[in-house]
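Here's a quick briefing on how a protein and its DNA sit together. Have a look at the model first, then go through the points below.

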Protein chains: 2
Amino acid sequence: MTAQGKPRYQQLKEMIIGRIMSGELQPRDRVPSENELVNAMNVSRMTANRALRELTDEGYVDRVAGIGTFVTDLKAASHVLEVRNIADEIERRGHTYSAIVHKQERQHASAEIREALQAVAGSDVFHVLVVHQENGVPIQLEDRYVVEDFAPDCLQQDFTKITPSAWLSGISPLQEAEHIVRATMPGKAVRERLGIDEQEPCLLVLRRTWAHGRPVSFARLHHPGSRFELTGHYAPPGTKKSNPITADVIELGKLQQ
Amino acid sequence: MTAQGKPRYQQLKEMIIGRIMSGELQPRDRVPSENELVNAMNVSRMTANRALRELTDEGYVDRVAGIGTFVTDLKAASHVLEVRNIADEIERRGHTYSAIVHKQERQHASAEIREALQAVAGSDVFHVLVVHQENGVPIQLEDRYVVEDFAPDCLQQDFTKITPSAWLSGISPLQEAEHIVRATMPGKAVRERLGIDEQEPCLLVLRRTWAHGRPVSFARLHHPGSRFELTGHYAPPGTKKSNPITADVIELGKLQQ
DNA sequence: CGGGCTTGGTTGTATATACAGGCTAGTGCA
DNA sequence: TGCACTAGCCTGTATATACAACCAAGCCCG
């Protein structure tokens, strides 16, 4: 039912994206090769090549010369959405990751949570409260709500072994993500679970993620201001990124005089 | 002097980017057409087409069928880096923007600033300290350092009329940007200039920007935690973005119980 | 003088073809 | 049995060619 007026390479792209979004093609699955698309879709190989190459640029697939084309796995897919897995981040730094699960339950959605998740009145949501630790030191308090029918087996998961965000990504590829970042003074409940004192601010990240075109999860991520920072480095495609700023300069948060 | 091993479309791209970065091609200037590249560079039109098409995707040029290819102007270029202008953001919300310039001077670079800007010992930098206000209320304290020879006329600018970041973008297209976001308790100097009390945390954004392949500016941006938030909404290309989260839900920063 | 048409330049797309290089699996030889 | 080599598949790139759509400028004709 693709529009007739669209270019054929665009139709090819949309067909493949549709298969990925619908779940027919899972992460790491093999995508039809250029020659298979030539035969099946009645296009030239250059047209199939353009479609797959653009999907590569957009982060949907990875290509390996001589092997084939594959749906990007979760780690690579996170690049598109810039949604990161805190456990991977910690292990990439060579530190040990651990988690404490404080809550894992089904509950009635409050009015605010219903609005964030676009859920109807009276619906239930799963609520997970987990502290993520780096070398045993709390670094994130995750207060997450998940739409019930998106992930029915939420209560059976062991969130000390897989983070909620990694688990959600595995259920279905994430389509959209929304972030809001604020600096706050945390309440007593947050302070106790993060092990910080009354004077320490928190970096609060509010995150909503979409799948199948609707919000499926909403999370409040509290980070101790003294132990956490968000980083980003933007460069045009094809450019070599420069070295990141050093820790010494990071410490320079104070205004002189 | 381009490397021989690179694909020819990539060499073409780098040649054109080089002309843009060097200033030979100014914004709105016409870029050689595909056929001109075919004759001048001895490539096929498909190869020239690919180079120009990818430059379009990367935001360097705009193409109009039947007319030609043109270097994108500054406003469009900033989209590539996702670097935002706070004055534009405020006016987009329908509020009035104003600025107070506290400092605008040349000074010796401290060791930390020299390292961030990769400057040699003994070099001077420009230092600008500006408070940005929304409807008269301070919303950002900008503490910025600029490499001297990148912008020699820094002391002649009126930063109540144009923000430093907008001014820098106008000198040369930005190639790279690095951000670090932290939650901090500000010192007295910051508190006084932002008009906040001792209990209020700040969202601190450290930003370095590159042009011509080197760092040209480093800024510390302090924002009152109660009046400012960073937002981001990521969706794959071609996807319709959903409605942003509502202010009501944003306010829900507290952990229940 | 003015309006419609033609012409040439430009981008956008599609195809057929060709060669290079990486990888796998299977064949065949020692 | 074990190793080397080869055939085949896949991606990556490059070229020549073709047609469609768009636009501007100029020409022609009324």
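A polar side-chain atom of Tyr9(A) sits 3.3 Å from a phosphate oxygen of DNA strand C, which makes it a polar contact (N or O atoms within 3.5 Å of each other; within protein, one must be able to donate a hydrogen and the other to accept it, and residues adjacent in sequence count only if both atoms are side-chain atoms). This is a predicted model, where local features need pLDDT of at least 70 and side-chain atom pairs count only at pLDDT 80 or more, while totals for chains, interfaces and linings use all residues. Residues are numbered from 1 along each chain as its sequence is written, chains are lettered from A and ligands numbered from 1 in the order written, and side-chain values use heavy atoms, with hydrogens and water left out.

**DNA strand C**
- 25 residues surround DNA strand C, and the closest are Arg8(A), Thr47(A), Arg45(B), Arg63(B) and Thr69(B); a residue is near a strand if one of its heavy atoms lies within 4 Å of it.
- Of the strand C atoms that come within 4 Å of the protein, 63% are sugar and phosphate.
- Bases get polar contacts too: a side-chain atom of Arg45(A) is 3.2 Å from a base nitrogen of strand C, and one of Arg45(B) is 2.5 Å from a base oxygen.
- H3(A) gives the largest share of the surface near strand C, four residues.

**DNA strand D**
- 26 residues surround DNA strand D, with Arg45(A), Arg63(A), Thr69(A), Arg8(B) and Thr47(B) the closest.
- Sugar or phosphate makes up 65% of the strand D atoms within 4 Å of the protein, and bases make up the rest.
- Polar side-chain atoms meet phosphate oxygens of strand D at 3.3 Å from Arg30(A) and at 3.0 Å from Thr47(B).
- A polar backbone atom of Gly66(A) lies 3.2 Å from a base oxygen of strand D.
- Here the largest share of the nearby surface, four residues, comes from H3(B).

**Helix H3 of chain A**
- H3(A) covers residues 45-57 and reaches 18 Å from its first C-alpha to its last, close to the 18 Å expected at 1.5 Å a residue.
- Its buried residues (under 20% relative accessible area, 1.4 Å probe, protein chains only) include Ala48(A), Leu52(A) and Leu55(A).
- Among the elements covering those buried residues are helix H1 (8-22) of chain A and helix H3 (45-57) of chain B.
- Just after H3(A), Gly59(A) takes a positive phi of about 90°.

Key: Helices (H or I, at least four residues) and strands (E, at least two) are DSSP runs, numbered from the N terminus. The expected span of a helix is 1.5 Å times one less than its number of residues. Buried means under 20% relative accessible area, exposed over 50%, partly exposed in between (1.4 Å probe, protein chains only). Contact means heavy atoms within 4.5 Å.
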